[in-house]
Amino acid sequence: MEVRVRFAPSPTGRLHIGGVRTALFNWLFARHHKGKFILRIEDTDKKRSTKESIADILESMKWLDLEWDEGPYFQMERLDIYKKYGDKLLEEGKAYLCYCTPEELKDRRRKGAYRYDGRCRNLTEEQKREYTRQGRKPALRLRSPSTGKTILNDVVRGKIEFENKLLDDFVLLKSDDVPTYNFACIIDDVLMKVSHVIRGEDHLPNTPRQILVYQALGFDLPKFAHLPMILGSDHTPLSKRHGAVAVSQYREMGYLPQALINYLALLGWGTHESKQLFTQEELIERFSLEHVSRNPAVFDPKKLEWMNGHYLKETAPEKIVDLVTDYLKKKKLLPKEISPERRRWIERIVRAVGERLKYIGQIIDYAGFFFTEEITFDKKVKEKFLKKEIKPFLKEVKEKLSELKQFKERGIEEIIRKELEVFQIKPKIGAQAIRVALTGQTISPPLFETIELLGKERTIERLKKVL
């Protein structure tokens with residue numbers, strides 16, 4: 001049997017970390033078994049689905065190098081297919097028309113009805129004609145069994161039993177003939193010959209209803225594998241309150257795709273030796289559903305940051321400069337076109353920041369002051385390091401630096417060290433005062449190198465402003 005899996009996001013927002021983890025596990029499973037990976041866009045939520053979300057999904061998948069073998073398919077382009085199978089179930093008496101209006105259903109729920117009561121299950125032809133005369137458009141509901149159990153043998157979670165009496169006659173096709181999730185995904189999975197449905201644990205409540213659809217249509221079940229939830233650091237489901245959760249946000253922050261892939265692979269899966277760093281080839285070779293955990297995975301931004309730092313260390317310096325340059329251009333801190341001289345200057349800044357850089361966006365934290373003329377001072381930092389008594393020292397440093405003909409690191413260092421001795425100021429205090437005056441912050445690349453890279457004119461101008 002050929003392994004065929006699918007990733008089927010709804011385009012109602014940016015691609016979430018949880019969604020791409022599901023895509024990754026499907027992709028690795030397909031590649032490991034030399035099968036097919038299908039991309040399907042489940043866009044039947046007409047109110048919330050957007051073209052922007054579709055673009056974000058496709059761009060994020062491409063950026064992560066999760067190329068699909070088939071698709072993308074769009075469910076809204078397949079409505080006639082779902083209608084055909086809905087009509088089949090209706091003709092066979094396995095489904096029925098429901099004329100209840102959304103307002104009536106909402107009112108019943110408000111009065112405490114947690115599931116549909118089946119009142120349209122056995123309507124007479126006369127009742128149906130009357131509802132039609134009233135202008136009501138019917139939805140199609142599955143005639144679900146009210147006794148017995150629906151059994152799921154999940155690859156990850158083992159055997160799970162669901163009481164059929166807790167399931168209602170759920171809607172298959174809405175009154176406008178748009179399918180519900182629990183109907184459309186079954187038809188698509190069958191026609192696309194999906195062998196394994198690998199998805200998040202949050203879909204587990206949908207599974208018994210979907211099994212009933214498979215059975216009603218006489219289709220064989222695929223193998224199901226429900227992945228553990230991803231939790232935030234407070235052990236609640238990962239959400240925006242935990243920080244960045246969209247793949248595109250991490251891309252915008254300057255994370256590397258291979259680092260994100262490596263980290264996400266470890267959220268709910270691992271090897272016996274607890275190996276942390278994998279190449280794409282190693283992940284494909286070693287991935288299996290048998291090693292997927294049942295326990296929730298905790299998303300740790302610090303670990304992702306560490307891992308990205310590791311991949312940055314292994315990245316060619318020229319590539320890092322390219323990434324930094326592109327990032328600064330997007331932030332409008334560099335012009336679209338830069339000269340070779342400007343490029344060499346950026347290279348020196350990147351080299352000066354060195355291994356402090358854990359992701360590209362941190363270039364702003366460590367060296368943003370190089371790329372702007374207006375620097376801001378933290379009030380506490382200013383009060384601590386730019387006191388009145390330091391003013392004569394800063395003034396003399398400014399005068400001596402303005403007289404320096406060769407504005408190079410060695411000469412800069414000699415001047416500052418000499419003035420520290422003259423004013424009898426501890427290097428830690430005096431040097432930090434200069435750093436704060438020039439950068440607005442207490443952290444920067446090495447001070448004398450920073451001053452050379454700022455250049456004589458900008459250095460003198462900033463010291464003047466502070467004085």
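**Helices α3 and α6.** I began with the packing of helix α3 (residues 79-91) on helix α6 (residues 181-191) in this predicted model. Their axes are 10 Å apart, and the angle between them is about 105 degrees. I therefore put α3 and α6 down as roughly perpendicular to each other, since angles from 65 to 115 degrees fall in that class. On the α3 side I listed Ile81, Tyr82, Tyr85, Gly86 and Leu89 as the residues making the contact. On the α6 side they are Phe183, Ala184, Ile187, Asp188 and Leu191. I sorted the residues of this contact by type and got eight nonpolar, one polar and one charged.

**Helices α12 and α13.** Next I looked up helix α12 (residues 317-330) against α13. The two axes come within 10 Å and cross at roughly 105 degrees. That makes α12 roughly perpendicular to α13. From α12 I noted Glu318, Ile320, Val321, Asp322, Val324 and Thr325. They meet Arg343, Ile346, Glu347 and Val350 of α13. By type, the residues of the contact between α12 and α13 come to five nonpolar, one polar and four charged.

**Aromatic pairs.** I then turned to the rings and counted 14 aromatic pairs. How are the rings of Trp345 and Phe370 placed, edge-to-face or stacked? Their centres are 6.1 Å apart and their planes stand at 90 degrees, so I entered the pair as edge-to-face; the class needs an angle over 60 degrees. The pair links distant parts of the chain, with the two positions 25 residues apart. Trp345 belongs to helix α13 (residues 340-353), while Phe370 is in the loop between α14 (363-367) and α15 (379-385). I checked both Trp345 and Phe370 for exposure and found them buried.

Phe370 also pairs with Phe369. Here the ring centres are 4.5 Å apart and the planes are at 35 degrees, so this pair is tilted. Phe369 has a relative accessibility of 2% and counts as buried. For Phe370 the relative accessible area is 1%, which also makes this residue buried, the cut-off being under 20%.

Elsewhere I found a cluster held together by ring pairs. Its members are Tyr250, Tyr255, Tyr263, Phe299 and Tyr359.

**Charges over rings.** I looked for charged side chains placed over aromatic faces and noted two cases, starting with Arg21. Arg21 lies over the face of Phe25, 5.4 Å from the ring centre. Lys275 has its charged end over the ring of Phe278, at 5.3 Å from the centre.

**Backbone.** Which kind of peptide bond joins Gly71 and Pro72? I found a cis bond there, with omega about 0 degrees. Pro72 is part of strand β3 (residues 70-74).

I also noted positive phi values in residues other than glycine, including that of Asp177, near 70 degrees. Asp177 is in the loop between β8 (171-173) and α6. Its relative accessible area is 34%, so I wrote Asp177 down as partly exposed.

His235 is not a glycine either, and its phi is positive at about 65 degrees. I located His235 in the loop between β11 (230-231) and α8 (247-253). Is His235 buried or exposed? With a relative accessible area of 54%, His235 is exposed, because the class begins over 50%.

Note on methods
Residues numbered from 1 in each chain as written. Predicted model: local features only at pLDDT ≥ 70, side-chain atom pairs only at ≥ 80, totals over all residues. Heavy atoms only, no water. Axes fitted to C-alpha atoms, helices over the stretch in contact; angles between N-to-C directions. Helix = DSSP H or I, 4+ residues; strand = E, 2+ residues; numbered from the N terminus. Parallel < 35°, antiparallel > 145°, perpendicular 65-115°, else oblique. Contact = heavy atoms within 4.5 Å. Nonpolar A, V, L, I, M, F, W, Y, C, P; charged D, E, K, R; others polar. Phe/Tyr/Trp six-rings, centres within 6.5 Å; stacked < 30°, edge-to-face > 60°. Buried < 20%, exposed > 50% of the residue type's maximum accessible area, 1.4 Å probe, protein only. Lys NZ or Arg CZ within 6 Å of the ring centre and 35° of its normal.
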